[in-house]
Amino acid sequence: MTETALRISGLSKRFDKPVITGLDLDVAAGELYALLGPNGAGKTTTLRMVTGLTRPDAGSIHIFGIDALADPLAAKAVTAWLPDEPMLYDKLSPSEYLGFVAGLWRIPPAEAAPEAERLLKWLELWESRDTRCETFSRGMKQKVALAGALIHRPRLLILDEPLTGLDAAMARAVKDALREAVNAGATVVVTTHILEVAERLADRIGIIGNGTLLAEGTLEELRAKAGSDEMTLEDAFIALTRAPQ
Amino acid sequence: MNPLMQRLRPGGFAWLVVHELRLATRNRRRRARSLWIGLILLALFVGIGIMTAIALRHVPIEGGPAFYTGMLAASALLTSFMTTQALLRSQHTLYESGDLDLLLSAPLEPRTILRAKLCGIAAGVVINFALLVLPFAIPIAILGHPGLFGIPALLAALSLASACLGLAIMIFVVALAGPRAARTLGQIIGALLGGAVFLLSQLMSGGGGGGGRRSAAMSLFNWLMAHRIGAGGISALPGRAALGDPLAAALLLGGAILLFAATGYAFGRSFLASYQKARMRLSRGRTAKGAITGHFRAGLFAAMFAKEWRLLVRDPALAFQIVLRLIYLAPIALAAFGRGGGPPLLPALAFASVLIAGQLVGSFAWLAVSGEDAPDLLNVAPIARRQVERAKLASAMAMAAPFGLVLPVAIALSSPLGALATVAMTAAGGATAGLIEIKWQKPAPRKTFRQRRSGSIVAGLLTVLSSAFFGGLAALATWMLG
């Protein structure tokens with residue numbers, strides 16, 4: 001039986017108005033799950049609740065069986081979060097940044113240093129490892145942040161719009177990195193507004209709207225739910241998000 | 001659009017100046033509570049000014065060698081502070097202002113933009129001093145001493161000259177040291193200028209006793225009097241202008257306007273070049289070398305300390321703060337080591353030690369705790385918030401420790417037990433200052449470091465009070481033990 005990496009049950013959050021209302025979502029271990037939805041659908045809020053950055057009003061979140069609300073530190077230990085605005089220090093170099101992140105996750109230096117070297121080389125940052133991040137392009141910053149997210153070998157990697165503002169080459173590098181992480185056994189949950197990415201990369205796709213999960217499944221399953229096997233994901237997405245609830 | 005701007009030729013010098021003044025006033029707007037506190041303080045100032053004016057109504061205020069020399073000393077002190085502010089504002093204009101891209105991409109002469117910016121810098125500089133001086137000067141001038149209407153003219157001349165000087169220094173530093181070093185160098189030069197008269201006055205009174213016990217202006221005044229400077233001739237112009245001598249005021253204002261025109265002419269081109277340099281990537285692309293194992297440390301504190309230390313030493317605003325504190329610490333330390341001639345005042349030194357350490361730890365703690373650039377990274381890490389705060393406080397204290405030990409070492413020469421008590425109180429005062437920052441933390445970008453106190457008045461007040469409390473204890477203990 002496949003292990004569940006992320007289980008969200010009855011999750012609700014209200015700011016000025018309800019943002020998430022009784023969301024249920026399961027992501028199996030080792031899959032790449034793309035969460036889609038129109039602007040303001042609650043994707044980022046959902047992910048921030050999973051990572052412990054926003055407290056839900058109701059519901060539960062389990063990460064590999066760990067109750068993330070009751071034992072947040074244990075849940076955080078196996079999770080990595082990569083928001084669309086990289087969590088970087090401009091005055092630190094990539095090497096220094098990775099050293100700091102490894103310290104936060106208490107990875108012994110003997111393990112962290114070789115892993116950092118591997119990541120920096122793999123993400124083509126090795127030559128820039130001693131240059132402060134303030135000089136980097138957005139794409140390079142995103143890659144440094146991705147290295148930071150991967151250095152502690154998370155079992156669950158959560159990314160919010162990781163391809164925003166990246167050029168084609170950088171976007172390809174990030175997509176390869178995600179697939180590589182999944183191949184290495186990690187589970188990846190990613191939000192994106194680039195439907196082609198979800199179409200090509202994701203094992204399963206969830207469409208969120210009005211605070212709930214509107215539809216979920218593989219691309220074929222979503223097409224079937226939308227009513228035509230010939231549809232692109234874009235057609236299916238529009239059909240499903242515009243359909244009366 | 002501003003009604004005044006509507007009447008002016010768009011893109012012209014006057015139009016740009018009004019735009020700059022509009023920005024300067026909007027940048028000063030604070031929350032409603034701070035605005036009310038400011039207005040109440042201003043009203044209080046004006047009230048005291050009116051009472052002073054009534055008291056001085058029939059007292060003649062006349063020029064003379066002592067008055068003119070005093071005004072020269074005060075003008076030198078003001079110019080030093082104003083140039084510091086102008087330098088920092090010039091740095092802000094070149095590095096942080098978001099509008100130069102727009103202005104320089106418009107079909108306007110860079111020289112016109114530079115002159116308008118200079119007016120904005122001068123206005124920003126003069127307003128702080130005008131708020132301090134004019135609530136007294138204007139009521140006194142109205143109630144029987146009209147000659148004092150020369151003071152606003154003197155202030156305007158000094159601020160315009162300081163703005164030119166500040167910008168010239170900044171452009172020179174960018175040209176000489178390059179864009180990256182210019183930010184830090186500018187801050188350090190600003191700190192040195194701010195403390196220049198203070199340091200100078202210490203040197204001037206160095207032969208006499210107790211360098212740290214006299215005010216900077218007084219020492220300077222005594223030195224000027226002893227050397228008969230400021231009593232007459234050109235050096236008496238500030239004093240004469242302040243008393244309403246129209247020729248002196250016209251000469252000073254005219255001189256400042258000439259300097260303004262000359263600065264605009266001389267730096268019209270280099271201003272654009274400096275801005276272009278300043279907008280270049282600020283960090284050197286360091287050649288990557290060797291392994292990276294040195295960046296990985298075992299334990300949360302070690303990782304946190306390494307990160308905070310790097311961020312602090314790479315922060316130009318912090319360089320300014322530290323240099324300024326060291327400048328003020330230097331004369332006290334000199335006096336402590338007995339170079340001032342008289343016996344060191346141990347309790348006063350103990351008090352100063354705690355006060356300085358408290359301020360430093362408070363500043364470091366603000367940068368580490370409130371000025372966190374990636375709070376979400378710490379929030380998603382598997383560590384409790386309290387652990388992070390403890391590590392940050394320990395980092396702040398460790399970084400302030402070398403500065404906090406200077407005065408206790410001096411005290412130890414006369415009273416080892418007093419030194420121990422001072423170290424203990426310095427540590428307690430520093431820790432309390434750090435804890436206050438943690439308790440009243442208000443997340444803010446690190447670049448707002450200079451304005452942090454306006455963000456948390458309670459924290460600022462409590463830090464001063466706690467430092468004074470522990471400083472008092474240290475002074476008492478040193479007095480009893482020494």
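Buried residues make up 49% of the 245 residues in chain A. Please keep in mind throughout that this is a predicted model. The secondary structure of chain A comes to nine helices and 10 strands. As for its contacts, take those between residues at least 6 apart in sequence: 69% of them join residues at least 24 apart.

Let's start with a sheet in chain A. It is an open one of four strands, in the order 2-1-4-5, and the pairing is antiparallel. Which strands stand at the edges? They are strand 2, residues 18-28, and strand 5, residues 66-67; each has a single partner strand, so one side of each is left without a neighbour in the sheet.

Now let's walk across the sheet. Strand 1 of chain A, residues 4-14, pairs with strand 2 of chain A through seven antiparallel bridges. If you'd like a residue to click on, try Leu6(A): its bridge partner in strand 2 of chain A is Val27(A). Helix 1 of chain A, residues 43-50, packs on this sheet and touches strand 1, strand 2 and strand 4 of chain A. The direction of helix 1 makes about 115° with that of strand 1 of chain A.

Strand 1 of chain A is also joined to strand 4 of chain A, by five bridges, and those two run antiparallel. Leu6(A) turns up again here, with Ile63(A) as its bridge partner in strand 4 of chain A. From Ile63(A) we can step on to Ile66(A), its bridge partner in strand 5 of chain A. Strands 4 and 5 of chain A are antiparallel and joined by two bridges. They form a hairpin with two residues between them, and Phe64(A) in the turn has a positive phi of about 50°.

Next, helix 4 of chain A, residues 109-122. Does its length come out shorter than, longer than or in agreement with what 14 residues should span? At 1.5 Å a residue, helix 4 should span 20 Å, and its end C-alpha atoms are 19 Å apart, which agrees. The buried residues in helix 4 of chain A are Pro109(A), Ala112(A), Ala113(A), Ala116(A), Leu119(A) and Leu120(A). Looking down the axis of helix 4 of chain A, these buried residues fall within an arc of 135°, so they line one face of the helix. What covers them includes helix 3, residues 94-104, and helix 5, residues 138-150, of chain A. Turn to the other side of helix 4 of chain A and you find Ala110(A) and Lys121(A) exposed. After helix 4 of chain A comes Glu124(A), with a positive phi near 60°.

Finally, let's see where the two chains meet. In this model, 32 residues of chain B are in contact with 37 residues of chain A. On the chain B side, helix 12, residues 300-313, and helix 15, residues 375-380, each supply at least two residues. Which of the helices of chain B gives the most to that side? Helix 12 of chain B does, with eight residues. By class, the side of chain B that touches chain A has 18 nonpolar, five polar and nine charged residues.

One last residue for you: Ala306(B), which lies in helix 12 of chain B. Ala306(B) is buried, with 20 other C-beta atoms within 10 Å. Leaving out residues up to four places away in sequence, Ala306(B) touches Gly99(A) and Arg297(B). The C-alpha atoms of Ala306(B) and Phe296(B), 10 residues apart along the chain, are separated by 9.4 Å.

Technical notes:
Residues are numbered from 1 along each chain as its sequence is written. Chains are lettered from A and ligands numbered from 1 in the order in which they are written. This is a predicted model: local features need pLDDT of at least 70, side-chain atom pairs count only at pLDDT 80 or more; totals for chains, interfaces and linings use all residues. Two strands pair if DSSP finds at least two bridges between them. Two residues are in contact if their C-beta atoms, placed from the backbone, lie within 7 Å. Axes are lines fitted to C-alpha atoms, for helices over the stretch in contact, and angles run from 0 to 180 degrees between N-to-C directions. Ala, Val, Leu, Ile, Met, Phe, Trp, Tyr, Cys and Pro count as nonpolar, Asp, Glu, Lys and Arg as charged, and the others, Gly among them, as polar. The expected span of a helix is 1.5 Å times one less than its number of residues. A residue is buried if 20 or more other C-beta atoms lie within 10 Å of its own, exposed if 12 or fewer, and partly exposed in between; C-beta atoms are placed from the backbone. The arc is that of the directions from the helix axis to the C-beta atoms.
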